[in-house]
Amino acid sequence: MKDDAVFRSSMISLAAIIVLMGLYTQSLQKMVATYFFGMFVVCGVLLPDWEFFNRSVSQWCTPVTIPDMGSQATDQKPSFPTRFKIYPVRLVVYTLVYGFAFYKWWKFISN
């Protein structure tokens, strides 16, 4: 993974949130729920192969070819990080999935 520092800081932040949640709620179940929710968020944002998903949605069922990879095939860094491109379909899917997960997590934690 190229972004080990980002992944490491995300894991440290998640551990701090879990500890704070444990101190606040005094519940092991809520700490475990927070851990799984946090891992779901981190894995959904940091781990996907963004070069694969930055193609058109109709292309997702086909393998990535050399021209699809653009400047990375020549070992040059792209001028703009592809991680931050905004695609409406992906934005809607992420909003629905993470919104529902956050709602369920919040209902569980607040009870």
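1. Apart from its neighbours within four places in sequence, Phe52 is in contact with Trp60, Thr62 and Val64. Phe52 itself sits in helix α3. This is a predicted model, and the contacts should be read as belonging to that model.

2. The C-alpha atoms of Phe52 and Pro63 are 8.2 Å apart, and the two residues are separated by 11 residues along the chain. A second pair can be read beside this one: Val64 and Glu51 lie 13 residues apart along the chain, with 8.3 Å between their C-alpha atoms.

3. Where is Val64 placed? Val64 is in the loop between α3, residues 50-53, and α4, residues 66-69. Val64 is thus named twice in this note, once for its place in that loop and once as a contact of Phe52.

4. Is Val64 buried, partly exposed or exposed? Its relative accessibility is 29%, so Val64 counts as partly exposed. The cut-offs explain the label, because buried means under 20% and exposed means over 50%, with partly exposed in between.

5. Turning to the helices at the start of the chain, α1 covers residues 4-25 and α2 covers residues 28-46. Their axes are 9 Å apart, and the two helices pack at an angle of about 160°. Angles over 145 degrees count as roughly antiparallel, and α1 and α2 are therefore roughly antiparallel to each other. The crossing of the two helices is right-handed.

6. Which residues of α1 and α2 meet? On the α1 side they are Val6, Phe7, Ser10, Met11, Leu14, Ile17, Ile18, Met21, Gly22 and Thr25. On the α2 side they are Lys30, Met31, Thr34, Tyr35, Gly38, Met39, Val42 and Leu46. By type, the residues of this contact between α1 and α2 divide into 12 nonpolar, 5 polar and 1 charged.

7. For the chain as a whole, the secondary structure comes to 5 helices and 0 strands. Read along the sequence, the pattern is α-α-α-α-α. A student tracing the model can use this pattern to place α1 to α4 as named above.

8. Some totals complete the note. The protein chain has 111 residues, of which 23% are buried. Its accessible surface comes to about 8300 Å², and 71% of that surface belongs to carbon and sulfur atoms. Among contacts between residues at least 6 apart in sequence, 65% join residues at least 24 apart.

Key:
Residues numbered from 1 in each chain as written. Predicted model: local features only at pLDDT ≥ 70, side-chain atom pairs only at ≥ 80, totals over all residues. Heavy atoms only, no water. Helix = DSSP H or I, 4+ residues; strand = E, 2+ residues; numbered from the N terminus. Buried < 20%, exposed > 50% of the residue type's maximum accessible area, 1.4 Å probe, protein only. Axes fitted to C-alpha atoms, helices over the stretch in contact; angles between N-to-C directions. Parallel < 35°, antiparallel > 145°, perpendicular 65-115°, else oblique. Left-handed = near helix turned anticlockwise from the far one by under 90°. Contact = heavy atoms within 4.5 Å. Nonpolar A, V, L, I, M, F, W, Y, C, P; charged D, E, K, R; others polar. Areas by Shrake-Rupley, 256 points an atom, 1.4 Å probe, with all protein chains shown as cover.
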